[in-house]
Amino acid sequence: MSAILDNFWSLLALKILLITGVMMTVSLVIIFAELKISAHMQSRVGPYFAGGRYGWAQPLADGLKFIQKEDLVPADADRPVFKFAPMVVLAGTLAVFVIVPFSPDLVVRNLDLGVFYALAAGSIGTVGVLMAGWSSANKYSLMGGLRAAAQLIAYELPLVLAVVGVVIQAGTMSMVGIVEAQAAPVFHLGDTAISLPYIFQGQFIGFIIFMIAALAELNRTPFDMPIAESELVMGYLTEYSGIRFTMFFLGEYAGIFAMSAIASTLFLGGYYFPGLDSATFGPLVLMGKVGLLVFLIIWLRWTLPRLREDQLQSFAWKWLIPLALVNIAVTATFKVVF
Amino acid sequence: MTTADRQTLSMHHSEVQVSVELQTPDMTLNLGPQHPSTHGVLRLVARVDGEVIKELEPVVGYMHRGYEKLAEVRTYPQITALVNRIDWVSGFANEIPFMVATERLMDIEVPERAQYIRLILTEMARISNHLVFLSSLPLELGAATPLMHALRERERVLDLIEGVTGGRFHPNFNRIGGVKPAAAAGATQKKVVQDLPQGFVEQTKSAMEYVREVCADMVNLVLGNEIFMQRTKGVGVIPADKALAFGVSGPNLRASGVPFDLRKTDDYLPYSNFDFDVVTGSNGDCFDRYAVRLEEVVQASRIVDQAVSEIPAGDLQAKVPRIIKVPKGEIYVRAENPKGEMGYYIVSEGGRGPYRLKIRTASFSNLSVLSWLLKGQLVPDLIAILGSLDFVLGDVDR
């Protein structure tokens, strides 16, 4: 056993398998949550029969159905690009999980540039979306792909700038380091040391900006213009079917999980919860925080209409980016002064 | 050779490549006939530059069913079944102007009770039509939840219509000279006494309460939503003069600030007995079109409330001959349908069916504004504007 674990390559393979397995399961759970939550918000029941109780097997059944469907490639499509695009999207999201710390030790790799890596890997997906839009030989797909690209340019900046505040405060870019910095006591109340996550340490605005930008990055309502089924049919997904559509679909929900995990690590204290042993309860604590954010994202989706592309751009450039810059300036000032 | 050309020639090869301007021809985007937001088989051929519409031409006719021609080979009672399929979202309201036109040609006085029942069902059709509209515009803007809330209450109204007529969408309930005795009376009963189902008045009143409640919800959830306002305010503005010039009618016209309502001006049904307001907007944008319809639902529910309390007793149908023959003549009767002005022009040669039937539908005229309205708009706004005009393809193509 230890021989397998000591070998770099076999360990790597194990880690990849584990991440992929966990990710897919988590995606299915989030899909199920979305089905059920949206149903209850709309006074419906939602999936009910699949799996016997509560329709818990509905996402699985949907997945099996998708696998059986014909994998269509349009005649005019750029075949290699068309076929490769879903993998880029999925791989981009999966890659983010390398640095998500579930506990001090349960992290695939604790990179020194963890935050930087997460943001970089997170935006790979958009390349896949652009590939899909371009190669589909469909005008709706093309417009969807271009919208996604425009959205990336507008929202990657506030996303990064919002994180800079946290990085300044923590003094490190390592994800584990950031959590440890939040676990460190801020002040003492009698004998008890009080530690606060960054959302309560002046990064509240940063958190809001990060979540808004993350919604745009994930193409979720109110920023789901690249898919916008009432305008662009299904945007860049229009021509996809079967397993490739499933990959986009899983990628979307894995992306929700990834973004929520990053947000809870950066702003909500990640696996750390006061009074709980991080090594044992870390994964549970993180999942709880992620669950809250996922619920928030689902809630927004079923509440809000969608913005227009130009409104989104002006919102990003006129409000979010200046606000994020002010946030950085204030954080940096406090860091130097105190 | 111009100076620019000479400059180009004198440049290094790679510079020449760079200095060539990018060719960006406009793209022709063919929305429909199959598209999620065209409410059926409307086709819009748009020349777009990026997302800006340079030129747009609506192509209609994919749903042409030839009702005007079919009417020429059918008898008057048979045509009822045709006309309530024109605008299937408000089926009952389509029957009224045709019936009134025929009755006026034949000089038949319709009993008051029948007129009241017609009026109640017409207003219910208006409510159900507007609730579909109120749910579909937010859906097109990306909000799926108002749909469920509005359709849930519409179901109550449809249940009532079904209770009276036996049909949810296509009641086929009007008879020349009145309305059909209620659905519960089977063919075996020679003497039909029943008309409205038991408990109809109470059920209607409680349903109207629910409808008003969902309207109040919609005011808060949709009209008060910041994103909804951003997407609809100032979008797709039809000024009053343009609206009149294009023959726009109904709520779309009133949203532009023209207080024109055939229920107030014409007397095809006894609307003068009831107290209701003509709702008008001020800007004529998508937001106003939504707000006007929302308020119209409330007004319609007020009319229904008054009508069910005051409904007089009496016959359901005037005395009519067994075989209906309409005397020679022609007539045009128009009515305020949920989607706008609907009119029937009947030419009778004295036979059992019309010699010629011309149907004027609201959606067709309302759509004529599209080419003018959508020039220079963005593709996302196109969807908002289409949704806000509230049309049904059956009503466009007939």
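This is a guided tour of a predicted model, moving from chain B as a whole to one of its sheets, then to the contact with chain A, and finally to a helix of chain A.

**Chain B as a whole**

Begin by selecting chain B and colouring it by secondary structure. The display should show 17 helices and eight strands. Taken along the principal axes, the C-alpha atoms of this chain fill a box of roughly 100 × 50 × 35 Å. Chain B has 398 residues, of which 50% count as buried. Among its contacts with a separation of 6 or more, 71% are between residues 24 or more positions apart.

**A sheet of three strands**

Next, select residues 27-31, 43-49 and 52-59 of chain B, which are β1, β2 and β3 respectively. Together these three strands form an open sheet in the order β1-β2-β3, and the pairing is antiparallel. Strands β1(B) and β3(B) lie at the edges, each pairing on one side only. On average, neighbouring strands of this sheet are turned by 20° against each other, direction ignored.

Now narrow the view to β2(B) and β3(B). Seven bridges join this antiparallel pair. To see one position in the pairing, select B:V48 and look across to β3(B): the residue that stands opposite is B:I53.

**The contact between the chains**

Show both chains again and turn to the place where they touch. Chain B contributes 25 residues to this contact and chain A contributes 23 residues. Which elements give two or more residues to the side of chain B that touches chain A? To find them, select β1 (27-31), α6 (112-140), α7 (145-165), α9 (226-232) and α16 (379-389) of chain B. Strand β1(B), already visited in the sheet, is thus one of these elements. The largest share of this side, four residues, comes from α9(B). Colouring the side of chain B that touches chain A by residue class should give 15 nonpolar, six polar and four charged residues.

**A helix in chain A**

For the last stop, select residues 242-267 of chain A, which form helix α11. Is this helix mostly covered or mostly uncovered? Helix α11(A) is mostly covered, with 23 of its 26 residues buried.

A distance between its two end C-alpha atoms offers a simple check. At 1.5 Å a residue, the 26 residues of α11(A) should span 38 Å; the end C-alpha atoms are 37 Å apart, which agrees. Finally, move past the end of the helix to A:G269, which follows α11(A) and has a positive phi, near 90°.

Methods:
Residues numbered from 1 in each chain as written. Chains lettered and ligands numbered in written order. Predicted model: local features only at pLDDT ≥ 70, side-chain atom pairs only at ≥ 80, totals over all residues. Contact = placed C-beta atoms within 7 Å. Nonpolar A, V, L, I, M, F, W, Y, C, P; charged D, E, K, R; others polar. Pairing = 2+ DSSP bridges. Axes fitted to C-alpha atoms, helices over the stretch in contact; angles between N-to-C directions. Expected span 1.5 Å × (residues − 1). Buried ≥ 20, exposed ≤ 12 C-beta atoms within 10 Å, placed from the backbone.
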